[in-house]
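Work through the exercises below with the sequence and the model side by side, and try each task before you read its solution.

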Amino acid sequence: QMEPKKKPFVQLLNFNTVHWLMVSTVGAPPSTVRVYDSKHWDLPQITKKLVADILQSHQKHINIEYVDVQEQPNGNDCGVFAIAFASSLCFDQDPGTINYDTTKMRSHLVDCIEKRENGTISYMQQQNPRPE
């Protein structure tokens, strides 16, 4: 039996009802999921199982890569960062190389929602990329 061809995905996840992050297979090797988390937390086992279910892999093991993304400066912007990471990735930008302007992120997201636009994430980026 052949396994159906899987398309890359971008998915926002909430775990423990207190934290948002983004996972994706965009640009990842087979059976690998990349985690974009502004708190840099390790995924709990139940979230790893959810990620494996989303991947729909029949492999016994999947690889989870944690991408080094900008850390949120407070305890309440994880959702805004997760959306920014997803938007960047969907616009062919690497969230691991972007320094987001935290003074504009929330208001820009509200503007996009109110205007029903898929606003480019570049508005939320500071001029200088993240240091290596």
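**Exercise 1: a charged pair between strands**

Glutamate 65 is partly exposed, because its relative accessibility is 31% and the class covers values between buried (under 20% relative accessible area) and exposed (over 50%), found with a 1.4 Å probe and protein chains only. The model is a predicted one, in which local features need pLDDT of at least 70 and side-chain atom pairs count only at pLDDT 80 or more, while totals for chains, interfaces and linings use all residues. Residues are numbered from 1 along each chain as its sequence is written, and side-chain values use heavy atoms, with hydrogens and water left out.

Task: find which side chain meets that of glutamate 65 in a salt bridge, and state where in the chain the two residues lie.

Solution. Step one is to recall that a salt bridge requires a side-chain nitrogen of Lys or Arg within 4 Å of a carboxyl oxygen of Asp or Glu. Step two identifies arginine 34 as the partner, with an N to O distance of 2.8 Å. Step three places arginine 34 in strand E3 (residues 32-36) and glutamate 65 in strand E4 (residues 63-67), so that the pair, 31 residues apart, links distant parts of the chain; strands here are DSSP runs (E, at least two residues), helices are runs of H or I with at least four, and both are numbered from the N terminus. Step four turns to burial: arginine 34 counts as buried because its relative accessible area is 19%.

**Exercise 2: a second charged pair**

Task: determine which residue forms a salt bridge with arginine 106, and decide whether that partner, aspartate 77, is buried or exposed.

Solution. The partner of arginine 106 is aspartate 77, and their closest N and O atoms are 2.4 Å apart. Arginine 106 belongs to helix H3, whereas aspartate 77 sits in the loop between E4 and H2, 29 residues away. Aspartate 77 is buried, since its relative accessible area is 11%, while arginine 106, at 44%, is partly exposed.

**Exercise 3: the nonpolar interior**

Task: state how many residues the largest nonpolar core has, and which helix gives the most to this core.

Solution. A nonpolar core is a set of buried Ala, Val, Leu, Ile, Met, Phe, Trp, Tyr and Cys residues joined through side-chain atoms within 4.5 Å. The largest one has 14 residues, and Phe81 and Tyr100 are among those with the most contacts inside it. Helices H2 (78-90) and H3 (105-115) each supply at least two residues of this core, and H2 gives the most, with six.
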